[in-house]
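User: I'd like to learn how to read a structure like this one, feature by feature. Could you take me through it?

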Amino acid sequence: MLAFLRITTHALFFSKPLTIKESCSHVDKWLERPQVRLLSPGGTYWRYLRAILEGAQVRGNLVMDAALAALALENGAEVVT
């Protein structure tokens with residue numbers, strides 16, 4: 001959600017970015033769907049994240065992608081983009 005909000009409201013990526021209200025409205029619609037649930041890091045999150053970071057030598061912008069992958073692994077979830 002945060003990446004979506006950051007990117008869709010950023011003038012560097014779009015000549016006419018969404019307003020924060022418009023961007024939040026999209027997120028609200030996602031969260032209304034029964035198949036969407038918010039995940040929170042739990043007790044094994046750091047173990048998954050560290051393994052991904054070190055195993056793939058992740059750095060820079062890919063750290064956030066690794067964080068999403070670790071969150072999905074910990075929760076048995078699937079990341080859809």
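User: Let's start at the surface. Does Lys 21 count as buried or exposed?

Analyst: Happy to help, and please keep in mind that this is a predicted model. Lys 21 counts as exposed because its relative accessibility is 70%, and the cut-off for that class is over 50%. The residue belongs to helix 2. Its C-alpha lies 26 Å from that of Asn 61, with the two positions 40 residues apart in sequence.

User: And what does a buried residue look like? Where is Thr 8 found?

Analyst: Thr 8 is part of helix 1, which covers residues 2-8. With a relative accessible area of 10%, Thr 8 is buried. A polar atom of its side chain lies 2.7 Å from the backbone oxygen of Phe 4. Setting aside neighbours within four places in sequence, Thr 8 is in contact with Phe 14, Pro 17, Leu 18 and Ser 23.

User: Now the helices. Which residues of helix 3 are buried?

Analyst: The general idea comes from helix geometry. An α-helix has 3.6 residues a turn, so residues three or four places apart point the same way. In this model, helix 3 spans residues 45-55, and its buried residues are Tyr 45, Leu 49 and Leu 53. Looking down the axis, these buried residues fall within an arc of 50°, so they line one face of helix 3. Arg 47 and Gly 55 are exposed on the other side.

User: What covers the buried residues of helix 3?

Analyst: The cover includes helix 4, residues 62-75. One residue to look at there is Ala 67, which lies in helix 4. Ala 67 is buried, at a relative accessible area of 15%, and it touches Tyr 45 and Leu 49 when residues up to four places away in sequence are not counted. For a contrast in distance, the C-alpha atoms of Ala 67 and Thr 9 are separated by 22 Å, and the two residues are 58 apart along the chain.

User: How many residues does the largest nonpolar core have?

Analyst: As background, nonpolar side chains tend to be buried together in soluble globular proteins. Here the largest nonpolar core has 7 residues: Tyr 45, Leu 49, Leu 53, Ala 66, Ala 67, Ala 70 and Leu 71. Helix 3 and helix 4 are the elements that give two or more residues to this core. Helix 4 provides the largest share, 4 residues. So that you can connect this with the earlier point, the buried residues of helix 3, namely Tyr 45, Leu 49 and Leu 53, are in this core.

User: Which residues is Leu 73 in contact with?

Analyst: Apart from neighbours within four places in sequence, Leu 73 is in contact with Tyr 48 and Ile 52. Leu 73 is in helix 4, and at 47% relative accessibility it counts as partly exposed. Its C-alpha is 8.4 Å from that of Tyr 45, although the two residues are 28 apart along the chain.

User: Tyr 48 is an aromatic residue. What sits over its ring?

Analyst: The charged end of Arg 47 does, 5.2 Å from the centre of the ring of Tyr 48. Ring-to-ring pairs are a separate feature. A pair of aromatic rings is described by the distance of the centres and the angle of the planes. Searching the whole structure gives 1 aromatic pair.

User: On to the backbone. What is phi of Gln 57?

Analyst: Most residues other than glycine have a negative phi. Gln 57 has a positive phi, near 50°, and is not a glycine. This residue follows helix 3 and lies in the loop between helix 3 and helix 4. At 59% relative accessibility, Gln 57 counts as exposed.

User: One more loop, please. Which residues does Ser 40 touch?

Analyst: Not counting residues up to four places away in sequence, Ser 40 touches Leu 71, Glu 74 and Asn 75. Ser 40 sits in the loop between helix 2 (20-32) and helix 3. With a relative accessible area of 54%, Ser 40 is exposed. From C-alpha to C-alpha, Ser 40 and Ala 70 are 11 Å apart in space and 30 residues apart in sequence.

Conventions: Residues are numbered from 1 along each chain as its sequence is written. This is a predicted model: local features need pLDDT of at least 70, side-chain atom pairs count only at pLDDT 80 or more; totals for chains, interfaces and linings use all residues. Side-chain values use heavy atoms; hydrogens and water are left out. Buried means under 20% relative accessible area, exposed over 50%, partly exposed in between (1.4 Å probe, protein chains only). The arc is that of the directions from the helix axis to the C-beta atoms. Contact means heavy atoms within 4.5 Å. A nonpolar core is a set of buried Ala, Val, Leu, Ile, Met, Phe, Trp, Tyr and Cys residues joined through side-chain atoms within 4.5 Å. Rings of Phe, Tyr and Trp (its six-membered ring) pair if their centres lie within 6.5 Å; planes under 30 degrees apart count as stacked, over 60 as edge-to-face and the rest as tilted. A charge sits over a ring if NZ of Lys or CZ of Arg is within 6 Å of the ring centre and within 35 degrees of the ring normal. A polar contact is a pair of N or O atoms within 3.5 Å; within protein, one must be able to donate a hydrogen and the other to accept it, and residues adjacent in sequence count only if both atoms are side-chain atoms.
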